[in-house]
Amino acid sequence: MSDCLFCAIASGGIPADVVASTDRVVAFRDIQPQAPVHVLIIPRAHHDDVPSIADVDPTLVAEMFALAAQVARAEGIDATGSRLVTNTGADGGQTVPHAHVHLLGGRRLSWPPG
Ligand code: AMP
Ligand code: ZN
């Protein structure tokens, strides 16, 4: 999709701190980290949000979760724990309209969210 920030990051048109990738998924550090480890996992192809992917390509959701698990191990937070978050739409607090999963860890996270 033209004019999409995360499409541009996925294609390398806009630089990002990429920590892992596959042929279909890219993981890069969030520019405004909310935890010591804060990585975004995105599909290379444009989808508006994660539920949209689940509808058309559920295997891609699994690939995103698998890469998140790989990054958690690489960042050394697999033993201490982590959180995967996917914000959808206005009430979910989604600000970038390209599907992404947040991987958060490295400190004790509060619950419930505000
Ligand atoms: P959300 O609010 O769930 O849509 O999350 C979007 C996330 O993208 C936020 O945590 C932002 O800090 C992050 N973000 C926005 N622009 C960039 C960028 N250029 N590189 C890395 N992360 C970004
Ligand atoms: Zn996009």
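Helix α3 is followed by Gly76, whose phi is positive, near 75°. The model is predicted. This briefing covers that helix, then the strands, then the zinc site.

**Helix α3**

- Helix α3 runs over residues 58–74. Its 17 residues, at 1.5 Å a residue, should span 24 Å, and the C-alpha atoms at its ends are 25 Å apart, which agrees.
- Which residues of α3 are buried? They are Leu60, Val61, Met64, Leu67, Ala68, Val71 and Ala72.
- These buried residues cover an arc of only 145° around the axis, so they lie on the same side of α3.
- An α-helix has 3.6 residues a turn, so residues three or four places apart point the same way.
- What covers the buried residues of α3? The covering elements include the strands β1, β2, β3, β4 (82–85) and β5 (101–105), as well as helix α2.
- On the face turned away from the buried side, α3 carries the exposed residues Pro58 and Arg73.

**Strands β1, β2 and β3**

- Strand β1 spans residues 18–21 and pairs with β2 in the antiparallel sense, over three bridges.
- Three residues lie between β1 and β2, and the two strands form a hairpin.
- Within this pairing, Val18 stands opposite Phe28 in β2.
- β2 also pairs with β3 in the antiparallel sense, here over five bridges. Arg29 stands opposite Val39 in β3.
- Strand β2, residues 25–29, is mostly covered, with four of its five residues buried.
- In a regular strand the side chains alternate between the two faces of the sheet.

**The zinc site**

- Which residues coordinate the zinc ion (ligand 2)? Cys4 and Cys7 each do so through SG, while His46 and His98 each use ND1, at 2.0 to 2.3 Å.
- Along the chain, the donors of this zinc ion follow the spacing C-x2-C-x38-H-x51-H.
- Cys4 lies in the segment before α1 (5–11), and His46 lies in the loop between β3 (37–43) and α2 (50–56). The pair therefore ties together parts that are 42 residues apart in sequence.
- Why is the arrangement around the zinc ion (ligand 2) tetrahedral? The four donor atoms subtend angles of 106 to 115°, and four donors count as tetrahedral if all angles lie between 85 and 135 degrees.
- Cys4 has a relative accessibility of 8%. Buried means under 20%, so Cys4 counts as buried.

Note on methods
Residues numbered from 1 in each chain as written. Chains lettered and ligands numbered in written order. Predicted model: local features only at pLDDT ≥ 70, side-chain atom pairs only at ≥ 80, totals over all residues. Heavy atoms only, no water. Donors = N, O, S within 2.8 Å, 3.2 Å for Na, K, Ca; no water. Tetrahedral: all angles 85-135°; square planar, octahedral: opposite > 155°, others 65-115°. Buried < 20%, exposed > 50% of the residue type's maximum accessible area, 1.4 Å probe, protein only. Pairing = 2+ DSSP bridges. Expected span 1.5 Å × (residues − 1). Arc of directions from axis to C-beta. Contact = heavy atoms within 4.5 Å.
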